[in-house]
Amino acid sequence: MPKVKIYSASACPFAQRSRLVLLEKGVDFELIEIDLQNKPDWFGEVSPYGKVPVIQFGDDRIWESTIINEYLEEVVPEPPLMPGAAGLRAIARIWIDFANTKFTTAFYKLLLSQELEKQQEWEEELQQHFRLMEMEGLRKLSEAGPYWLGESLSLVDLAFYPWFERLPALEYYRGVAIPVECFRLREWWMVMQLRDSVQATIQSAEFHIEQYAKYANNSASGVTAQELRRY
Ligand SMILES: N[C@@H](CCC(=O)N[C@@H](CS)C(=O)NCC(=O)O)C(=O)O
């Protein structure tokens, strides 16, 4: 069996998502750390969007973290990280899509916004997302256990977790935290921190605060920040 290669950056939450899946599935992988401030010339050949993560497995080269994660679920089915029932699998995909399109967008927009009025708008939007995650997500779906979909860890947990690890940076720069009433969300976050995969990839609050300094003063010049400013 060929070895999986993952092109990653230690600060990148999207890459962390896929590293978590590899670790949870016990896949032996080679990690190639990319310096995003100084990308190697060959990186454009590997990553059409100029972003991490990208994985290479045999002839397959895949990018986009949540697509990578579903791909890994197919090629390494054990332990399963998606539910067996089609209805619940669809619900899992709804939450993964929510993480990609709504939650992470509000997170970055809040961090990049410089005017107080814009910051307030994005803060309000992010708080609404937290409440929906609490009420429609954890309180309805995870009655049988600590994870998003209940007893077993799933790709939904791993799609959200990296931004919770980075919430101290959002609190530091924008004074925003999880609303008090969202206690299930805080419990879930605590349980996630106990996973060996998370412990193997976790970075300190200080690290994340330093990493996001350029987002918070809107001087970040990477592809991701440029794209986020456009929307
Ligand atoms: N939608 C992509 C986002 C990946 C992404 O934005 N990665 C960032 C690092 S966290 C990156 O490589 N950015 C390159 C740059 O900013 O130049 C995914 O889910 O994989």
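User: How do the residues in the shell around the ligand divide by class?

Analyst: In this predicted model, the shell around the ligand holds 8 nonpolar, 5 polar and 2 charged residues. Gly is counted among the polar residues in this division, while Cys and Val are counted as nonpolar. Of the 15 residues around the ligand, those that come nearest are Cys12, Lys51, Ser65, Gly222 and Val223.

User: Which helices each supply at least two residues of that shell, and from which domains is the shell drawn?

Analyst: At least two residues of the shell come from each of α1, α3 and α12, the last of these spanning 223-230. Both domain 1 (4-75) and domain 2 (86-230) contribute, with at least three residues of the shell drawn from each.

User: Where do the two domains lie in the chain, and what is the separation of their centres?

Analyst: Domain 1 covers 4-75 and domain 2 covers 86-230. Taken over C-alpha atoms, their centres are 20 Å apart. On the side of domain 1, 17 residues take part in the contact, and on the side of domain 2, 19 residues do. Two elements, α1 (13-24) and α3 (65-75), give two or more residues to the side of domain 1 that touches domain 2. The largest share of that side is supplied by α1, with 8 residues. Sorted by class, the side of domain 1 that touches domain 2 comprises 7 nonpolar, 5 polar and 5 charged residues.

User: Why are α1 and α3 described by the term they are given for their relative direction?

Analyst: The axes of α1 and α3 are 9 Å apart, and the angle of packing is about 10 degrees. An angle under 35 degrees counts as roughly parallel, and α1 and α3 are therefore roughly parallel to each other. Phe14, Arg17, Ser18, Val21 and Leu22 of α1 make this contact with Ser65, Ile68, Asn69 and Leu72 of α3. The contact of α1 with α3 contains 5 nonpolar, 3 polar and 1 charged residues.

User: What makes the pair α1 and α6 oblique?

Analyst: Helix α6 occupies residues 155-165, and its axis comes within 8 Å of the axis of α1, with a crossing of roughly 135 degrees. That value is set against three ranges: under 35 degrees for roughly parallel, over 145 for roughly antiparallel, and 65 to 115 for roughly perpendicular, with the rest counted as oblique. The angle belongs to the rest, and α1 and α6 are therefore oblique to each other. The crossing of α1 and α6 is right-handed. From α1, the residues Pro13, Gln16, Arg17, Leu20 and Val21 meet Leu158, Ala159, Tyr161, Pro162 and Trp163 of α6. In the contact of α1 with α6 there are 8 nonpolar residues, 1 polar and 1 charged.

User: How is the relative direction of α4 and α5 judged?

Analyst: The axes of α4 (residues 86-112) and α5 (residues 116-141) come within 8 Å and cross at roughly 150 degrees. Since angles over 145 degrees count as roughly antiparallel, α4 is roughly antiparallel to α5. The crossing of α4 with α5 is left-handed. The residues of α4 that meet α5 are Trp95, Lys102, Phe103, Ala106, Phe107, Lys109 and Leu110, and their counterparts in α5 are Gln119, Trp122, Glu123, Glu125, Leu126, His129 and Gly137. By class, the contact of α4 with α5 has 7 nonpolar, 3 polar and 4 charged residues.

User: What is the omega value of the peptide bond from Val52 to Pro53, and what is that of the bond joining Glu78 and Pro79?

Analyst: From Val52 to Pro53, omega is near 0 degrees, and the bond is cis. Pro53 is placed in the loop between α2 (43-46) and β3 (54-57). Between Glu78 and Pro79, omega is about -15 degrees, and this bond is cis as well. Pro79 is situated in the loop between α3 and α4.

User: What makes the phi of Glu64 worth noting?

Analyst: Phi of Glu64 is near 80 degrees, a positive value, and the residue is not glycine. Glu64 sits in the loop between β4 (60-63) and α3.

Terms used:
Residues are numbered from 1 along each chain as its sequence is written. This is a predicted model: local features need pLDDT of at least 70, side-chain atom pairs count only at pLDDT 80 or more; totals for chains, interfaces and linings use all residues. Domain bounds come from an automatic or database domain assignment. Two residues are in contact if their C-beta atoms, placed from the backbone, lie within 7 Å. Helices (H or I, at least four residues) and strands (E, at least two) are DSSP runs, numbered from the N terminus. A residue is near a molecule or strand if its C-beta atom, placed from the backbone, lies within 6 Å of it. Axes are lines fitted to C-alpha atoms, for helices over the stretch in contact, and angles run from 0 to 180 degrees between N-to-C directions. A crossing is left-handed if the near helix is turned anticlockwise from the far one by less than a right angle, and right-handed if clockwise.
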